[in-house]
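Student: I would like a close look at one part of this model, the backbone in the loops and what surrounds it. Could you walk me through that in one go?

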Amino acid sequence: MILAMNHPKRATISEIAARAGVSKGAVSFALNGRPGVSEETRTRVQAIADELNWKPNRAARALGQSQAGAIGFVLNRSARILGTETFFPQLLSGMQLGLSGSHTALHMMVVGSVEEEMEAYREWWQSRIVDGVIMVDPRVDDPRLEVLEHLGLPAVQVAGHPSQTAAIPAVWADDRAATDTLVRYLHGLGHRRIAYVAGPEELEHTQLRRQEFSASAEALGLDASQSVISGYEADDAARVTRELLARSARPTAVMYDTDVMAMASLRAAQGLGFRVPDELSIVSFEDSLLVQLGNPPITSLTRDTVAFGTLAVKTLLEHIAAETPVPSIEGAQPRLSIRESSGPAPTSS
């Protein structure tokens, strides 16, 4: 006669999570000594695990320690303007090129707020969906940096200056130098009243460009020049342009943050009867086929965004594999592509 033996049921992470009042991901972090939970939570979870005589599943642990074979990219943009921007499709193309041959996938999500973006980082890292992330649009006092550092999630920023956070290197192009290039080019054409129509003020590159615009204008004695804030949507930029051109001391040249803003404003100025470039010069920080096919084509800063995306991915893969933080790396600076939208300042201005 063979007697059946009743083996005690193995305690699970789900049971520990329920007892501790936290997520399964938090339990995993606590029991595996990973960052992402407070010491109080770690202590409470470990005590419950000891009480339940929890033992790690070796197969699951081995699986959990393997790499996900994917990197993440969260894009915080309104769906209304996502299809009109050319920068991000080019950046994504470069990222895919950088991943070619690495057997690493790209996991992408579009969100509507910084809070949603940070939550995506937490969920991805807790679930081991990605091994690292590319972060874009650095913000002033950016809360995402603290979250990424706290999680220990490898990340690389696409930025306008070297990273000030050693744990999160940047692939960068000098936004200050780019701004100075445009201001000095227009000044060289005789323009003394220059306006800069900038994107959302919470973005770090907006702050950098506005600061440099003011510094360059002051150095050149352009007392009547000014920067104004606009949204990235075409209607916002066109409205701001109409307001600028309605002033008694209107600008004779205007700089725009994106190709969409520049094109929308070109149409707005022409709709008011202004001849470009005879009465108004227009230049853009961003080049694309859109501005190249404008009537007239728009003078722009041309950068190899595809190469920038490739560099960002290669830096992230190096960062993931390295035992120590990798340094920030500077990408190629944009070059000025002069086209028919810019010319000498009108003599009657």
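Tutor: Helices (H or I, at least four residues) and strands (E, at least two) are DSSP runs numbered from the N terminus. This is a predicted model, with residues numbered from 1 along each chain as its sequence is written. Local features need pLDDT of at least 70, side-chain atom pairs count only at pLDDT 80 or more, totals for chains, interfaces and linings use all residues, and side-chain values use heavy atoms, without hydrogens and water.

Let's start with proline 277, in the loop between helix H12 (259-271) and strand E9 (281-284). Valine 276 and proline 277 are joined by a cis peptide bond, with omega about 10 degrees. Another cis bond links asparagine 295 to proline 296, where omega is about 5 degrees. Proline 296 sits in the loop between H13 and E10. These bonds catch the eye because most peptide bonds are trans.

Stay in that second loop for a moment: isoleucine 298 is also found between helix H13 (289-292) and strand E10 (299-302). Isoleucine 298 counts as buried because its relative accessibility is 0% (buried is under 20% relative accessible area, exposed over 50%, partly exposed in between, with a 1.4 Å probe and protein chains only). Beyond its neighbours within four places in sequence, isoleucine 298 is in contact (heavy atoms within 4.5 Å) with Ala262, Met263, Leu266, Ile282, Val283, Ser284, Val291, Arg339 and Ser341. The C-alpha atom of isoleucine 298 lies 8.7 Å from that of aspartate 259, a residue 39 places apart from it along the chain.

Now for the loops on either side of strand E3 (133-135). Arginine 128, between H7 and E3, has a positive phi of about 55 degrees although it is not a glycine. Its relative accessible area of 28% makes arginine 128 partly exposed. In the loop between E3 and H8, aspartate 137 likewise has a positive phi, near 55 degrees, but at 10% relative accessibility aspartate 137 is buried.

Within E3 itself, valine 133 is in contact, outside its neighbours within four places in sequence, with Gly72, Tyr121, Trp124, Leu148, Leu153, Pro154, Ala155, Val156 and Leu316. Valine 133 is also among the residues that touch the most other members of the largest nonpolar core, a set of 32 residues (such a core joins buried Ala, Val, Leu, Ile, Met, Phe, Trp, Tyr and Cys through side-chain atoms within 4.5 Å). H7 supplies the largest share of this core, six residues. A second, separate core has 22 residues, including Val291, which brings us back to a contact of isoleucine 298.
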